[in-house]
Amino acid sequence: MMPPAERELLLHTWNQTALEVPHDLCLHEWIAQQAAKTPQRTAVSDTTSHLTYAELDRQSGQLATYLRQQGVEPGVVVAFSLARTARVLVALLGMLKAGGTYLPLTAALPSERIQFMLDDAQARLLLTESQAAQELPDPLPTVELDRQWTDIAKLEPLTDCHYPPETTAYIIYTSGSTGVPKGVPISHNNIVNLTASMLQEPGMTAEDKFLAVTPLSFDI
């Protein structure tokens, strides 16, 4: 019933979904490439401060070195609970550069649920700040960024940061409304693939600014 031109439009012209995706890169490596291209551009800002791409890359590398010293490597789950400042991005990238898998916690959750996630994910380290540390269970070795950053900032950034793209980047837990909460592992190639799709025309550009409004325990 369709004329050939309309059939071509529907089945082919509007259905070109192939993407150029850097399948060989982890998320932090892709961001490091951007930092090398635009080191002085603002990467992230909060109400009181901002970080350039160069600062974000260097500080996350320093944290990765420190976390590696604490035994973080591929397969190690690092739980974290941090205030929503620019340093959150340093923490996330630092955990990924060290090869770890991050597990976001929300201090306002019931302590029973937090303990369940820590146990179920077999978290080995807790990355937080002194204020939040008082509100969380204390079963794990803890790194308090605000108190320990002076020592972390003296370290050389970690340079050995390449891992298989199938490495798990983070774990998000379901609500548990239909039973026991389940941890869903998200790999580097999952998030790189999603990000590549957001760069399609007319997608994100270097001039865009994005507002982070969802909690880190919610995964788009």
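This text walks through the nonpolar core, the aromatic contacts and a surface patch of a predicted model.

The core comes first. In soluble globular proteins, nonpolar side chains tend to be buried together. Here the largest nonpolar core holds 43 residues, and those with the most contacts inside it are Leu63, Met95, Leu127 and Leu145. Several helices and strands each supply at least two residues of this core: the helices are α2 (27-37), α3 (53-69), α4 (87-97), α7 (145-152) and α8 (188-198), and the strands are β3, β5 (123-128) and β7. Helix α4 gives the largest share, 7 residues.

A search of the whole structure for aromatic pairs finds 3. One of them joins Phe80 and Tyr102; the ring centres are 5.6 Å apart and the planes stand at 75°, and because this angle is over 60 degrees the pair counts as edge-to-face. Phe80 belongs to strand β3 (residues 77-81) and Tyr102 to strand β4 (residues 101-104), so the contact links distant parts of the chain, 22 residues apart. Phe80 has a relative accessibility of 3% and counts as buried. Tyr102, at 11%, also counts as buried. Ring pairs extend this arrangement to Tyr170, so that Phe80, Tyr102 and Tyr170 are linked into a cluster.

Phe116 and Tyr173 make another edge-to-face pair, with 6.2 Å from centre to centre and 80° between the planes. Phe116 lies in helix α5 (residues 111-121) and Tyr173 in strand β7 (residues 168-173), so this pair ties together a helix and a strand through residues 57 apart in sequence. How accessible is each of the two partners, Phe116 and Tyr173? Phe116 is partly exposed, with a relative accessible area of 27%, because partly exposed covers values from 20% to 50%. Tyr173 counts as buried, because its relative accessibility is 10%, under the 20% limit.

An aromatic ring also takes part in a contact with a charge. The charged end of Arg87 sits over the ring of Trp149, at 4.8 Å from the ring centre.

The last feature is on the surface. Which residues form a nonpolar patch there? Met2, Leu10, Leu11 and Trp14 do, and together they have about 430 Å² of accessible area. One member, Leu10, lies in helix α1 (residues 4-11). Leu10 counts as partly exposed because its relative accessibility is 34%.

Technical notes:
Residues are numbered from 1 along each chain as its sequence is written. This is a predicted model: local features need pLDDT of at least 70, side-chain atom pairs count only at pLDDT 80 or more; totals for chains, interfaces and linings use all residues. Side-chain values use heavy atoms; hydrogens and water are left out. Rings of Phe, Tyr and Trp (its six-membered ring) pair if their centres lie within 6.5 Å; planes under 30 degrees apart count as stacked, over 60 as edge-to-face and the rest as tilted. Helices (H or I, at least four residues) and strands (E, at least two) are DSSP runs, numbered from the N terminus. Buried means under 20% relative accessible area, exposed over 50%, partly exposed in between (1.4 Å probe, protein chains only). A charge sits over a ring if NZ of Lys or CZ of Arg is within 6 Å of the ring centre and within 35 degrees of the ring normal. Patches are made of residues with over 30% relative accessible area and no salt bridge: like charges are joined within 9 Å, nonpolar side chains (Val, Leu, Ile, Met, Phe, Trp, Tyr) within 5 Å. Accessible areas come from the Shrake-Rupley method with a 1.4 Å probe; for residues, only the protein chains shown count as cover. A salt bridge is a side-chain nitrogen of Lys or Arg within 4 Å of a carboxyl oxygen of Asp or Glu. A nonpolar core is a set of buried Ala, Val, Leu, Ile, Met, Phe, Trp, Tyr and Cys residues joined through side-chain atoms within 4.5 Å.
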